[in-house]
Structure formats: C-alpha cells, structure tokens
Amino acid sequence: MPELPEVETIVRQLRPKLIGQIIEKVDILRPQQWKQNNPAQVQAQLINKQITAVDRFAKFISMDFDDDGQLIIHLRMTGKLSWYDSEPRIDVYSRTVFYFKSGSVLIFSDTRALGRLTYFNCETRNLWKARIGVEPLSKEWNLKHFRELIRRSTLDAKSFLMDQKKVAGIGNIYANEILFRSHIHPLRKVNTLKPSEIRMLFKKISSVLRLAIDKMGTSLGDGKQNFRSLYNIEGEFQNMILVYNRTGDPCPGCGAPLQKLRQKQRSSFYCKLCQK
Ligand SMILES: [Zn+2]
C-alpha cells in the first residue's frame, strides 16, 4: 500500500509532466471509484481545464485547475498512475484515463479498485484536509504540537503513528521502521513516553520518511501489487528495512531474533530487547 514516501515519489514525477497540460477528454471506466461525484458531470467539467499545480498531502495527490477546481486521488491499496507521452497501454485494470491536448495520457489503474478519485469545485477545495492530521514534512510539523498530541492520546505507539487524524501519511511499513529506530515498543502507551523518547520519535518520523523519499519508496510484495513509480520503476527503501516482515531474523541492533505481534489486524515487528 503506498504510504507518504511512495505518493511523494509519484507526485515529484507527475508535477513537471502535468503542470500546464490541458485536458482534452476523461474516460471514467469504473464510475464506482468516483464516489462523491457524478461521473458524467466530472467528465464534462474537466474538459479544457488546465492543470496549474500538483501536490501531495499525507497519502493524497491533488491537482489544481485554472478555475480553482481540484482533483484528489487516493491510491489506497493498489492504485497506480502511469504516464504516456503517446500510445497509452490501456488494460482491464485501467479505471480512469486522462487524455491531454498535448497527446500525453495519464492512466489511473487499480487491480482491486479500492482507490478513490474526487473532484472539488472552487468552494469545496481543501476542505477534505480538515479531517486529516498534521503532515510530518510540512511547516505545521513541530515538536511542541507533537508533544501535545502525545500527551492527549491514550493510544499505543504503533496505533498512534498509523492514526491518520494524528500524524498523516504513515502506514504499516514505516510505522514499524520508525518505532524500531526510536527504540520504542509498538505496544507502549504514548502518554508514558519520556521527553527524550518523544524527541527521538519526532525526529525519526521525518528522517525515515525523508530517507524513504530519497530512495523513491518501498517496493515489497509480488508482481502486480508491488509499488512502482510513474515510469514503472520500483523503489529502493526495501533494501533499508530493518524489521518489517523480518520475524526471526537477528535484530540489526543486538542480534536477538525479531518478534511479531498482531495489532489491530496488522502485523508489528520489533525487537523485545531494543524497544521499550
Ligand atoms: Zn535488538
């Protein structure tokens, strides 16, 4: 599942391609993925709109248009974007296809079709952000605010990191990696963290995410479900993973076998000696 670094990787590749493009036609092949819109209306509304900005917020991709409308794409489990300068490869998993006047084509494909696309007009744009927590690579991200969030929470550390209303954009892989690097046990209640531990966690959240962006995300898993960037290239952060999916392997810190536990239907991987 693409998390913040994977989405950022795609956005960085999309931005130079998309800005300035004018939409010629949108083919919505799977209308169910446009839950909050009338698909026929969106197809008509987007024609002749020019893209003025491409950004990311948490795991969401936003495209702004010259009339201040905004398109939000949430890839969720298996959503993918592919760019073609010409001759797009459309297949059974292509769900929405954007054709531009330049001849370029952007395909949103999604094997499980759980991703979501939403079009907002100039009045409703950005309102969706209110339901999401602080974005760890933004200007709003600071230790004082983070400390406040932690103090008010009764969650364990793993659930806290994955709660999109608290810290936005972190999923299972990075939550495990951040906790190991912070020496914090996944079941530890965050309101029991010492000031030094809060500082460490705060630092590791942004350093792990930044490193993962530098490595263009994580591609773990098999074939079709694997993360690939806009040009169908895999990320490299999987080579830097220390604990995720490594049950029984020696801990990179102390050599003890890594442990696994189930937490809210997701697996947590940790070292029982290094993480308190
Ligand atoms: Zn260890």
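**Notebook: pockets and the four-stranded sheet**

I started with the largest pocket and asked which element gives the largest share of its lining. β10 does, with three residues. I note here that the model is predicted.

Next I looked up the space in this pocket. The largest pocket holds about 820 Å³. I found 37 residues in its lining. Nearest its centre are Met1, Met77, Ile173, Tyr244 and Arg266. I then checked which elements give two or more residues to this lining. They are β5, α5 (172-182), β9 (259-263) and β10 (266-270).

I sorted the lining of the largest pocket by class. It has 15 polar, 12 nonpolar and 10 charged residues.

Where does the largest pocket lie with respect to domain 1 and domain 2? Domain 1 (4-131) and domain 2 (143-270) both give residues to the lining, so the pocket lies between them.

I moved on to the second largest pocket. Its space is about 500 Å³. It is lined by 21 residues, and Lys80, Ser82, Asp91, Ser109 and Asn232 are the closest to its centre. Two or more lining residues come from β5 and likewise from β7. β5 gives the most, five residues.

By class, I noted eight polar, seven nonpolar and six charged residues in the lining of the second largest pocket. I checked the domains here too. Domain 1 (4-131) and domain 2 (143-270) each supply at least three residues to this lining.

β5 had come up in both linings, and I wanted to see its place in the sheet. I found an open sheet of four strands, in the order β1-β6-β7-β5, with antiparallel pairing. Why is one side of β5 left without a neighbour in the sheet? β5 (79-84) stands at an edge with a single partner strand, so that side stays unpaired in the sheet. β1 (23-28) stands at an edge as well, also with a single partner strand. I looked up the turn between neighbouring strands of this sheet. On average it is 15°, direction ignored.

I then went to the pair β6 and β7. Strand β6 (residues 94-100) and strand β7 (residues 105-110) run antiparallel and are joined by five bridges. In this pair I located valine 97, which stands opposite isoleucine 107 in β7.

Last, I looked at the helices on these strands. Helix α1 (residues 4-18) lies across β5, β6 and β7, and runs at about 35° to β5. Helix α2 (residues 39-46) lies across β1 and β6. I noted its angle to β1 as about 165°.

Note on methods
Residues numbered from 1 in each chain as written. Predicted model: local features only at pLDDT ≥ 70, side-chain atom pairs only at ≥ 80, totals over all residues. Heavy atoms only, no water. Pairing = 2+ DSSP bridges. Axes fitted to C-alpha atoms, helices over the stretch in contact; angles between N-to-C directions. Contact = heavy atoms within 4.5 Å. 1 Å grid on protein atoms, 1.4 Å probe; cavity = no way out; pocket = protein on both sides within 12 Å on 5 of 7 lines; lining within 4 Å. Points joined across faces, edges and corners; volume = space filled by probe spheres on them. Nonpolar A, V, L, I, M, F, W, Y, C, P; charged D, E, K, R; others polar. Domains from an automatic or database assignment.
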